[in-house]
Every structure is written in structure tokens, then in C-alpha cells.
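Colleague: Please give me a close look at one part of this chain, and then show me how it fits with the rest. I work at the bench, so kindly spell out the cut-offs as you go.

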Amino acid sequence: MNRFSVVLRSLRMWLLSFPVVRLALPLHLHLLFGGLGVLFLEKFLIEILPYSVYDTLNFLFYTIPLSVIAYYGFFAGVWLTLVSERIDRLPYGLWGYAFVILFPFQHLTLHAIVGAVIYGLLGLGMHRYVKFASAERKTGKI
């Protein structure tokens, strides 16, 4: 865990050297959970709305590429949250993305299951790191 702390500190210094990152850093949770929410909303609306509105959904999420914007916004939020002070929120975002991958829990493929497992394990690893870092901070070692 100490090695990851060193890597994270170096990554933070490198990413914060870019002005765009410093400008977007206050929006990291909005990007993380906003992108996640739009991705979930797309899948949820496809499930509950009748077939007659698919043209509207296609226009919203693919012609106006809300789906792509949300996807890249989520991953930008992951990187920005990784270098922010609110790193403790990152595991919930990763677990949420694992849920979105599997939703609506029908026609599960190996690709979806493996992707969800990977993001679930990444979330678990980040959760363990956050607990380790907070314990180290309390003892004064970091």
C-alpha cells in the first residue's frame, strides 16, 4: 500500500501540472457520478419505455452523443477523483459502474460479467487503500 501511495502522489503531481486538470478538478464528483447517472439512465429508459420512443432515445443518446459524453466524463471523473482529496468516493463510483455494466441483469455474457468483476475488484482495492491511508494518516505516518 505504501508503494501505491508513492505512485498516487507522483501521479497527482504530474496531472496537476496540466492547467486543464486544475481547472476541471473541482468538478470531479460531478463528472464521476453524473456520467454514471447518464449511463444508467440510458439503460433504464431503454428497459421501461415502449418501442415507439426508441427513435427519441436514439437521437438523445447517439445522434447527440450523450452516451459517449457520459462514458468519457465518467472516466475523466475517475482520474480526477483519484488525484483529489475526495478519493474515498472513488470505490462507490467503480462499484456503480459494475452495476451499470450488468444492468438489466438479462442476457448476461462473459464479457459483461468479467467487466463487472474487474470494476468490482478495482473498487474493493480502492476501498482497502482508502482505509489504509486513513489509518496511516491517523497515526501520522503519511
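Modeller: Phenylalanine 105 counts as partly exposed because its relative accessibility is 43% (buried means under 20% relative accessible area, exposed over 50%, and partly exposed in between, with a 1.4 Å probe and protein chains only). This is a predicted model, in which local features need pLDDT of at least 70 and side-chain atom pairs count only at pLDDT 80 or more, while totals for chains, interfaces and linings use all residues. Residues are numbered from 1 along each chain as its sequence is written, and side-chain values use heavy atoms, leaving out hydrogens and water.

Phenylalanine 105 sits in the loop between H6 and H7 (helices, H or I, are DSSP runs of at least four residues and strands, E, of at least two, numbered from the N terminus). Its backbone deserves a glance: phi is positive, about 60°, although phenylalanine 105 is not a glycine. Histidine 107 belongs to the loop between H6 and H7 as well, and has a positive phi of about 50° without being a glycine. Histidine 107 counts as exposed, because its relative accessible area is 74%.

Just before these comes a cis peptide bond, joining phenylalanine 103 to proline 104 with omega about 10°. Proline 104 is placed in the loop between H6 and H7.

Now for the helices on either side of that loop. Helix H6 covers 90-102 and helix H7 covers 110-139, and each supplies at least two residues of a nonpolar patch. The patch lies on the surface and is formed by Phe33, Tyr92, Trp95, Leu108, Ile113, Val117, Leu121 and Leu124, with about 710 Å² of accessible area together. Patches take residues with over 30% relative accessible area and no salt bridge, joining like charges within 9 Å and nonpolar side chains (Val, Leu, Ile, Met, Phe, Trp, Tyr) within 5 Å; a salt bridge puts a side-chain nitrogen of Lys or Arg within 4 Å of a carboxyl oxygen of Asp or Glu. Helix H7 gives the most to the patch, with four residues. One patch member is Ile113, which is found in helix H7. Isoleucine 113 counts as partly exposed because its relative accessibility is 38%.

For another spot, try leucine 66 in helix H5, residues 66-82. Leucine 66 is partly exposed, because its relative accessibility is 34%. Leaving aside residues up to four places away in sequence, leucine 66 touches Val38, Leu60 and Phe61 (a contact means heavy atoms within 4.5 Å). The C-alpha atoms of leucine 66 and valine 53 are 17 Å apart, with these positions 13 residues apart along the chain.

Finally, the whole chain. There are seven helices and zero strands, and the C-alpha atoms fill a box of roughly 60 × 35 × 20 Å along the principal axes. Of the 142 residues, 34% are buried. Among contacts with a separation of 6 or more, 72% join residues 24 or more positions apart. The chain exposes about 9,300 Å², of which carbon and sulfur atoms supply 70% (Shrake-Rupley areas with a 1.4 Å probe; for residues, only the protein chains shown count as cover).
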